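Here are my notes on this model. Please read them with the structure open.

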Amino acid sequence: MLCELCTSLARSVSSTTLLRKSSCCGLTRQACTQKKTPTRQEHLCAMKREEYDVLVIGGGSVGCGCALDAASRGLKTALIDADDFASGASSKSSKLIDGSGSYINDAMRDKNFEQLHIMKQVLSERATMLKIAPHLNRVQPMLMPIYSVLRLPFYWLGFKAYDWLAGASNVRSSHFLSKEETLDEFPLLRAKGLRGAMVYYDGQVDDARMCLALVMSAVNLGANVANHMELHELIRKDGCCRCAGVRDVLTDEKFYIEAKSVINATGAQTDTIRQLVDSQTMPISVPTLGTTVALPSYFGSLQYGLLSPAASKHDPTLLMVPFENHVLLGTSDGIVDNIKESPMSQEYDVELLLDTARDHMDECVQLGPGHVLSAWTGMRPAVVCPTEARPLVRNYLLEVSECRLITLGGGRWSTYRVMAEEAVDTAIEVCDLNRELPPSSTKDLVLDGAEDWCSMLPLIFCQAYNVPMDVAQHISDSYGSNGHTLLSEATWESKRRLHCHFPYIEAEVHYAARHEYACTLVDIISRRLRVAFVDALAALQMLPRILAIMSAHHKWEKKEQTKQLVRAQHFLVRQMGLGSVVRAKQKTNTNTKTKDSASADCDGHQPKLESTFLCKGLAPKMVYYQCPKPKKSEKYQFAVNFNHKCKSLAKKQSTATVKVPISEPSFGFLPLPVTSGITTGAATSRAKPKPGLLPITWTTGKRDLASSVWRNKFMC
């Protein structure tokens with residue numbers, strides 16, 4: 001009897017200790033893991049029978065913000081999108097809250113100080129985003145190199161005005177960096193004529209996941225949401241838009257949604273919805289294109305971003321931002337040819353970006369198209385006033401039509417919340433909704449996943465769920481406190497990586513299908529996981545395993561699996577530049593498998609797909625085997641030629657040689673191009689060099705100096 005009492009007491013003490021250890025800023029694992037999310041089918045059933053106060057069309061940042069604002073006030077709210085949430089420009093932004101520093105750029109280049117009012121609002125909203133979703137928004141230091149002494153006082157005064165406008169919402173004060181400190185952060189930056197750099201602090205946003213956080217927060221407050229729901233008709237009742245005819249893209253089912261007010265927040269497709277009501281209405285949408293490319297991380301800095309304002313309006317502004325352990329280079333401007341199709345990155349725009357980057361880098365840097373890992377183009381929703389003069393609207397536009405259709409045009413991430421608040425206020429006023437409702441509270445409303453989030457969360461994930469630190473950090477940054485639910489539902493097998501070079505695990509696909517309304521493979525690789533935006537070929541390699549998980553969850557038959565795989569490949573080709581901008585090497589004939597390649601794996605079993613390219617509609621042949629790790633004897637050819645760096649050192653006769661072979665990894669689907677290899681440990685191996693390779697030489701007496709330059713240049 002005494003023994004049983006001691007055993008039960010020990011169990012109670014151990015369970016209490018476990019809860020105490022697994023708590024994060026007051027939130028226990030037991031509370032975190034209890035998450036019940038309505039299914040998409042339950043949302044559709046509610047939309048068929050309910051009458052809503054507000055129907056929001058468009059699942060971008062503005063549309064999701066409207067749904068959250070309306071639901072937080074107690075209004076019965078519905079949200080639909082023809083594609084996925086954040087499938088448009090909201091997931092193809094510059095990843096900066098300020099919007100690539102355009103306001104600073106215009107104010108300094110054109111002496112246009114009218115932008116200061118807009119900038120003040122942007123800085124206030126930046127502080128709000130950092131507060132309501134700290135796991136998805138973080139402070140991003142931005143560096144602006146200075147090559148002219150005369151410009152230094154002007155830039156210094158401009159950034160001090162930037163700090164002054166921010167007021168209490170300023171995250172950190174701008175400051176000056178010397179030439180040496182600047183080159184320490186950006187080793188590949190052009191050093192000739194460099195005087196130093198000004199550093200200011202912006203905010204970086206994980207745009208697609210921020211949009212998902214808005215959607216899930218609205219769902220938690222009672223809103224009904226549905227992605228892949230296409231609007232094809234708006235019906236007037238009593239002179240107002242009160243009924244919307246929709247079609248489920250996944251099942252081709254059609255039905256009607258009744259609502260007292262309709263908000264059009266479709267971004268670049270604004271006029272398409274407006275013309276459903278009145279085909280003679282004057283168009284207001286004049287979207288522009290912005291192209292961005294992803295590069296290996298050593299071309300920039302993992303801590304600092306880089307902003308170099310354009311000398312004139314016709315010159316591109318150089319913007320480099322660290323994102324997902326890569327560097328994003330943007331952005332070029334273009335004109336929209338067909339607004340109904342997703343834009344495709346053009347080689348001319350990519351080469352223009354690379355030329356601009358090369359102009360700002362040292363002469364030894366050989367940056368070329370072979371280093372581009374992904375390239376995408378987004379349609380920025382610019383609008384004009386519907387008047388005869390038709391001036392371009394710098395910020396955003398709110399329009400109420402004759403049938404009381406509320407249209408939001410323009411905007412960006414730094415204005416989404418203000419636009420949503422104004423739209424819901426207008427809906428309450430003009431559509432006879434309850435005027436006694438409380439005002440908007442989204443300024444202080446913590447989003448889904450940010451509850452009790454703290455900086456120690458990655459360490460807690462690492463200890464409580466036995467995952468690697470890089471995986472724990474990624475889950476904390478992407479899911480916040482929802483990572484407890486993700487990891488508690490994960491089995492040991494689902495904690496395997498989807499790719500040996502990325503921290504994404506299989507459990508994230510399960511979580512996205514259960515709790516984040518992921519319905520297609522494209523939803524996973526582009527907006528639940530951000531791999532398509534940083535490495536299109538890696539996304540292609542992940543597709544077979546993601547397809548297997550999604551097929552089991554959604555019960556896809558073989559025909560549907562082929563259809564999903566074709567669409568995912570078409571997305572990578574059409575929107576991520578795979579095959580055009582991101583080129584793969586010719587596949588080498590490897591008929592025999594070595595023992596090492598058959599036994600190596602990528603932290604688990606990495607499936608591959610051996611078939612022809614499925615964009616032609618051919619059925620795939622699924623062959624699962626383990627992904628070979630790169631051999632230790634393999635090294636990569638780096639991007640920078642150090643010959644001219646070491647000319648001054650090549651005076652002595654005694655030299656030491658280091659041979660750097662080129663790695664040629666092959667894939668069952670498409671081979672990866674020769675890139676930097678920064679994601680592998682093969683670059684630091686000391687195996688014997690292979691014959692027939694050109695050596696890179698330096699003087700033995702100055703080897704320490706050259707090695708120091710090597711480390712600073714690549715930081716590998």
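1. Start with one residue pair. M142 faces G305 of strand 13. Bear in mind that the model is predicted.

2. That pair belongs to a parallel pairing. Strand 4 (residues 137–146) and strand 13 (residues 305–308) are joined over two bridges.

3. Now the whole sheet. Eight strands form an open sheet with mixed pairing. The order is 5-6-4-13-14-15-12-16. From one strand to the next, the twist averages 30°.

4. Which strands stand at the edges? They are strand 5 (175–177) and strand 16 (374–380). Each has a single partner strand, so one side of each lacks a neighbour in the sheet.

5. A helix covers part of this sheet. Helix 7 (residues 151–166) lies across strand 4, strand 5 and strand 6 (196–205). Against strand 6, helix 7 runs at about 30°.

6. Next, a helix pair. Two packed helices are described by the angle between their axes and the distance between the axes. For helix 16 (residues 506–515) and helix 19 (residues 536–554), the axes come within 10 Å and cross at roughly 35°. The crossing of helix 16 and helix 19 is right-handed.

7. Look at the residues in that contact. Helix 16 contributes E506, V509, H510, A513 and R514. Helix 19 meets them with R545, I546, I549, M550, H553 and H554. By class, the contact of helix 16 with helix 19 has five nonpolar, three polar and three charged residues.

Key: Residues are numbered from 1 along each chain as its sequence is written. This is a predicted model: local features need pLDDT of at least 70, side-chain atom pairs count only at pLDDT 80 or more; totals for chains, interfaces and linings use all residues. Side-chain values use heavy atoms; hydrogens and water are left out. Axes are lines fitted to C-alpha atoms, for helices over the stretch in contact, and angles run from 0 to 180 degrees between N-to-C directions. Helices (H or I, at least four residues) and strands (E, at least two) are DSSP runs, numbered from the N terminus. A crossing is left-handed if the near helix is turned anticlockwise from the far one by less than a right angle, and right-handed if clockwise. Contact means heavy atoms within 4.5 Å. Ala, Val, Leu, Ile, Met, Phe, Trp, Tyr, Cys and Pro count as nonpolar, Asp, Glu, Lys and Arg as charged, and the others, Gly among them, as polar. Two strands pair if DSSP finds at least two bridges between them.
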